[in-house]
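You asked for comments on this model. Please read them with the sequence and coordinates open.

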Amino acid sequence: MSTLPAYVPGRKIPGAVVLASNESPYGLLPGVAAVLEAHAAGVSRYPDMGSTQLIEAIAAHHGVGPDRVAVGAGSVEVCGELAAAAVDTDDEVVFGWRAFEAYPIITAVAGGKAVMVPLTANHVHDVDAMVAGVTGRTRLVFLCNPNNPTGTAVGEAELRRLVDGVPEDVLVVIDEAYREYVDPAAVPDAFSLFADRPNVAVTRTFSKAYALAGLRVGYCLATPEVVAAARKCQVPFSVSGLAQAAAIAALGDREEVTRRAKLTIAERERVRGELVAAGFEVPPSQANFVWLPLGERSAAFAEACLAGGVIVRPFPGDGVRVTIGTDEENDAFLAVARRAV
Ligand SMILES: Cc1ncc(COP(=O)(O)O)c(C=O)c1O
């Protein structure tokens with residue numbers, strides 16, 4: 001147990017600008033607040049364990065049947081459900097590194113062994129090396145697209161090389177937590193490419209663009225067989241009634257979600273441009289954050305930001321991830337970053 005890696009959450013300090021957890025800076029969607037109030041009294045009862053209406057709403061949103069959708073308390077639980085379903089003791093789980101820091105934890109909790117494949121020099125997933133990393137013991141591959149924390153994404157050709165290169169009895173989980181911030185012309189939605197592959201699951205979340213990080217709702221789209229296995233591995237009642245109602249309302253606020261995502265994308269491009277002009281290396285991002293590969297300078301840079309009242313997310317020795325906030329928050333970050341360069 002002592003060997004299990006621990007999840008390190010982004011810091012929160014009252015009064016500081018928080019750009020450490022890839023949350024939406026715009027607060028609750030307008031359609032969600034009233035729904036939360038209306039459902040608050042219901043929390044003395046257990047929720048619908050099957051999240052029936054939520055699953056129907058997600059399925060309708062994607063134009064598929066409800067048997068193609070499994071939910072969980074955040075997409076991190078859904079990734080855990082899929083790993084629990086696919087991985088036995090000492091099986092191997094392949095993923096790029098650095099990627100979402102929950103993957104090594106999920107792998108260890110499932111009893112598996114992590115096979116971490118270095119990103120390319122451009123901080124992008126090396127799908128050919130990932131395929132080469134698959135052995136007879138591999139049961140699961142995670143592809144984070146776009147990748148947390150680098151923001152980089154792979155396109156259709158790489159997605160196809162990965163999925164085509166992996167045997168059909170290995171589950172490929174494509175984690176699209178940041179899908180709403182992607183340029184769809186450059187990065188296709190993986191479910192539209194692989195809906196009928198028996199070994200592909202695509203995960204999404206309400207925590208980022210839908211501004212519901214604190215309520216914990218995520219889901220996967222997969223074949224009915226994979227969905228049924230994931231549902232069996234869900235912690236009973238893990239998605240609260242409040243969360244189910246809020247997520248349904250959030251799906252109904254699609255126009256506002258799109259409007260906000262556009263603001264974040266425009267700010268991301270502005271922040272990246274200003275950082276590059278100030279002398280930072282910043283890989284192009286398709287997410288709601290940017291990555292500064294500062295290596296050994298990462299911890300000191302994050303400390304300097306903190307001293308200037310801005311919390312960013314350092315990965316010591318590797319880089320710093322900075323969430324895109326409101327225009328004012330981004331300006332506050334850019335001011336401290338220019339001083340710290
Ligand atoms: C790539 C990726 N996947 C999944 C998650 C999990 O999000 P949640 O469990 O809130 O849906 C995150 C959160 O930061 C993430 O970055």
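The points below concern a predicted model and deal with one strand, its partners and the interior space.

1. Burial of strand S12. This strand covers residues 319-323 and is mostly covered, with five of its five residues buried. Gly319, Arg321 and Thr323 point one way, while Val320 and Val322 point the other way. Buried here means under 20% relative accessible area, and the residues on both sides of S12, Arg321 included, meet that description.

2. Pairing with S9. Strand S9, residues 289-292, runs antiparallel to S12 and is joined to it by four bridges. Within this pairing, Val290 stands opposite Val322, one of the two valines that point the same way from S12.

3. Pairing with S11. S12 also pairs with strand S11, residues 313-315, in the antiparallel sense, over three bridges. Arg313 has Arg321 of S12 as its bridge partner. Arg321 is one of the buried residues of S12.

4. The turn between S11 and S12. These two strands form a hairpin with three residues between them. In this hairpin, Gly317 takes a positive phi near 85°.

5. Interior space. How many cavities of 30 Å³ or more does a search of the whole structure find? The search finds one. The largest cavity has a volume of about 40 Å³.

6. Lining of that cavity. The residues that line the largest cavity are Ser24, Pro25, Tyr26, Tyr181, Ala209, Val257, Arg260, Ala261 and Thr264. By class, six are nonpolar, two polar and one charged. The charged one is Arg260, and the polar ones are Ser24 and Thr264.

Definitions and conventions
Residues numbered from 1 in each chain as written. Predicted model: local features only at pLDDT ≥ 70, side-chain atom pairs only at ≥ 80, totals over all residues. Heavy atoms only, no water. Buried < 20%, exposed > 50% of the residue type's maximum accessible area, 1.4 Å probe, protein only. Pairing = 2+ DSSP bridges. 1 Å grid on protein atoms, 1.4 Å probe; cavity = no way out; pocket = protein on both sides within 12 Å on 5 of 7 lines; lining within 4 Å. Points joined across faces, edges and corners; volume = space filled by probe spheres on them.
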